[in-house]
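Subject: Handover of the structure

Hello,

Here is the structure I promised to pass on. Please open it first, then read the notes underneath.

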Amino acid sequence: MSNDSNKNKKLTLVSLILMIFTSVFGFTNMPRSFYLMGYGAIPWFILSALFFFIPYAFMMAEYGAAFKTEKGGIYSWMAKSVGPKYAFIGTFMWYASYIVWMVNVSNGIWIPLSNAIFGSDETKSWALNLGPIHLGSVQIIGILAILWIIFVSYISSHGLEKIKKITSVGGTAVAALNVVLLIGAVIVLIGNKGQLAQPIDSMRAFIDSPHPDYQSTIGMFAFLVFAIFSFGGIEVVGGLVDETENAEVTFPKGVAISAIVISVGYAIGIFLCGIFTNWSGVLSSSDVHMANVAYVMMQNLGVQVGLAFGATEATSLIIGAWVARFVGLSMFLALTGAFFTLTYAPLKQLIEGTPRELWPGKIGKIDNGMPKFAMKVQAVIVIVMIAVISFGGDGASEFFNKLVLMTNVAMTIPYLFLSIAFISFKKNDNIEKPFEVYKSKSGAIIATVVVSITVLFANVFTIIKPALMDNNWSETIWMIAGPIIFTAIALLLYSRYERNYLNK
């Protein structure tokens with residue numbers, strides 16, 4: 001009976017597409033992309049799907065099917081394909097990306113909370129005077145972020161049942177935001193008799209960016225990393241092959257259709273943003289940045305819906321504030337749930353998947369299913385990074401832009417490790433491969449080269465853009481500092497492991 005039950009639970013084509021879509025599609029990617037590139041973001045999403053998402057998803061599927069019984073996740077994939085040292089550095093880089101994510105989100109989470117309470121982003125005006133000590137918005141947010149890390153780390157190590165409920169509610173609310181965006185934009189389009197807020201004068205509108213920092217060739221190429229980052233989460237695909245009905249046929253079809261649906265979804269969402277948002281009128285202010293642009297645009301959607309129905313300006317502003325509150329509450333709940341999970345899940349996988357001897361002292365100890373001591377060390381590292389960034393100068397806009405760029409670069413570099421390891425994986429005939437999309441080794445090599453060059457190309461242009469175009473070497477250094485530091489730490493840990501255990 002149990003076998004029949006398991007067969008009945010296999011993913012169909014439709015359920016597989018829905019699973020991939022919910023894991024990958026991110027609401028905030030659309031307003032952020034419109035802010036950076038306007039309608040010009042649309043072609044980059046199509047290119048990213050063709051040269052990154054589809055071939056990379058097939059790689060993850062082959063890895064997942066071959067190593068379905070391995071506990072170590074991506075570490076086991078790379079260790080058995082290339083070697084344990086390469087695997088450890090790649091996995092540590094993957095984990096490091098979540099460190100940067102925590103630094104980013106612990107600072108940015110106060111923006112949706114501010115929108116939920118006040119109906120707008122008030123974080124930029126936060127200030128506190130304590131006698132001779134003056135704390136600006138960046139410093140206050142930094143202090144709140146440090147307190148948040150302490151709170152979340154403590155709660156995460158003591159059970160997560162209540163947090164799972166928050167995650168579920170937040171995820172449902174964020175999904176509803178896509179419906180609000182679609183219906184609201186259509187209402188505005190009808191109310192404005194088909195006139196777009198961001199006009200399309202020619203096909204150049206789908207190439208050129210209204211953002212001054214992304215109008216050059218380097219700037220446009222640098223946007224590619226945002227498009228790739230928008231397809232993040234496809235690692236989940238690796239675990240779905242065995243759960244798919246008639247995987248040999250259904251899975252490749254599901255991934256291809258998912259890529260089309262997600263790319264078209266992003267393209268439509270970006271276009272909808274232009275229906276109710278005039279870039280110069282709404283997004284050109286220095287107060288708008290990548291961390292708050294989604295809330296600014298959705299508040300503007302509420303205002304435009306009110307005006308489309310013939311409401312007064314005062315009433316329309318009230319509608320906009322309530323839309324912003326809904327968006328803020330939805331994102332706050334979703335980010336809170338994700339934060340509690342990601343505080344322990346990547347760290348736990350890293351420690352459980354790698355040899356115990358790699359970790360000095362009590363770091364590798366699992367206590368009641370949780371890496372409690374390692375979580376304390378992690379919290380200290382995140383707090384130090386927050387303090388350095390928060391009290392290191394720059395205004396709020398530059399501060400949040402820096403964090404988002406750090407996250408994008410850090411979270412896409414591990415893709416390189418996995419894609420490069422794929423060649424060794426395919427050449428190793430001792431690895432049983434029950435599911436193969438790339439039937440020939442030459443096809444696997446071509447796919448690896450395409451994916452690796454795309455990711456490397458995007459990251460190089462993102463990293464060099466501030467230095468070459470704005471003479472802003474500080475931003476460039478920040479983007480490469482994290483990956484370099486964590487690679488050095490990984491090498492030191494592995495060298496210690498080799499010296500103390502392997503060589504003996």
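The notes below go through the core, some single residues, the aromatic pairs, the salt bridges and a surface patch.

Two points on method come first. This is a predicted model, in which local features need pLDDT of at least 70 and side-chain atom pairs count only at pLDDT 80 or more, while totals for chains, interfaces and linings use all residues. Residues are numbered from 1 along each chain as its sequence is written, and side-chain values use heavy atoms, with hydrogens and water left out.

**The core**

The largest nonpolar core has 149 residues. Such a core is a set of buried Ala, Val, Leu, Ile, Met, Phe, Trp, Tyr and Cys residues joined through side-chain atoms within 4.5 Å. Buried means under 20% relative accessible area, exposed means over 50%, and partly exposed is in between (1.4 Å probe, protein chains only). F52, F53 and F223 touch the most other members of this core. Helix α4 gives the largest share, 17 residues. Helices here are DSSP runs of H or I with at least four residues, numbered from the N terminus.

Take F52. Contact means heavy atoms within 4.5 Å. Neighbours within four places in sequence aside, F52 is in contact with L47, A57, I228, F231, I234, Y415, V451, T454 and V455.

**Two single residues**

M60 sits in helix α4, which covers residues 41-66. M60 is buried, because its relative accessibility is 0%. Its C-alpha lies 9.4 Å from that of I74, and the two are 14 residues apart in sequence.

Q378 belongs to helix α16, residues 372-390. Q378 counts as buried because its relative accessible area is 3%. Beyond residues up to four places away in sequence, Q378 touches Y95, I99, M102, T343 and L347.

**Aromatic pairs**

A pair of aromatic rings is described by the distance of the centres and the angle of the planes. Rings of Phe, Tyr and Trp (its six-membered ring) pair if their centres lie within 6.5 Å; planes under 30 degrees apart are stacked, over 60 edge-to-face, and the rest tilted. The whole structure has 43 aromatic pairs.

Y35 and W279 form one of them: the ring centres are 6.2 Å apart and the planes are at 15°, so this pair is stacked. The pair links distant parts of the chain, 244 residues apart. Y35 is in helix α3 (residues 29-37), and W279 is in helix α13 (residues 279-283). Both Y35 and W279 are buried.

W148 and F151 make a tilted pair, because their planes are at 45°, with centres 6.1 Å apart. Both lie in helix α8 (residues 137-156), three residues apart, about one turn of the helix. W148 is buried at 8% relative accessibility, whereas F151 is partly exposed at 43%.

There is also an aromatic cluster, formed by F21, F25, F45, F53, F223, F226, F231 and Y266. F53 and F223 also appear among the core residues that touch the most other members.

**Salt bridges**

Side chains of opposite charge can pair when their charged atoms come close. A salt bridge here is a side-chain nitrogen of Lys or Arg within 4 Å of a carboxyl oxygen of Asp or Glu. The structure holds four.

E62 and K426 meet in one of them, at 2.9 Å from N to O. E62 is in helix α4 and K426 in helix α17 (residues 396-427), so the pair ties together parts 364 residues apart in sequence. E62 and K426 are both buried.

K426 also forms a salt bridge with E436, with the closest N and O atoms 2.8 Å apart. E436 lies in the loop between α17 and α18 (441-470), so this pair joins parts that are 10 residues apart in sequence. E436 is partly exposed at 25%. E62, K426 and E436 are thus linked in a network of salt bridges.

D208 pairs with R204, the closest N and O atoms being 2.8 Å apart. D208 is partly exposed at 32%, and R204 is partly exposed at 47%.

**The surface patch**

V179, L182, I183, V186 and I190 make a nonpolar surface patch of about 450 Å². Patch residues have over 30% relative accessible area and no salt bridge; nonpolar side chains (Val, Leu, Ile, Met, Phe, Trp, Tyr) are joined within 5 Å, and like charges within 9 Å. Accessible areas come from the Shrake-Rupley method with a 1.4 Å probe, and for residues only the protein chains shown count as cover. V179 lies in helix α9, residues 161-191. V179 is partly exposed at 46% relative accessibility.

Best wishes

Definitions and conventions. Helices (H or I, at least four residues) and strands (E, at least two) are DSSP runs, numbered from the N terminus.
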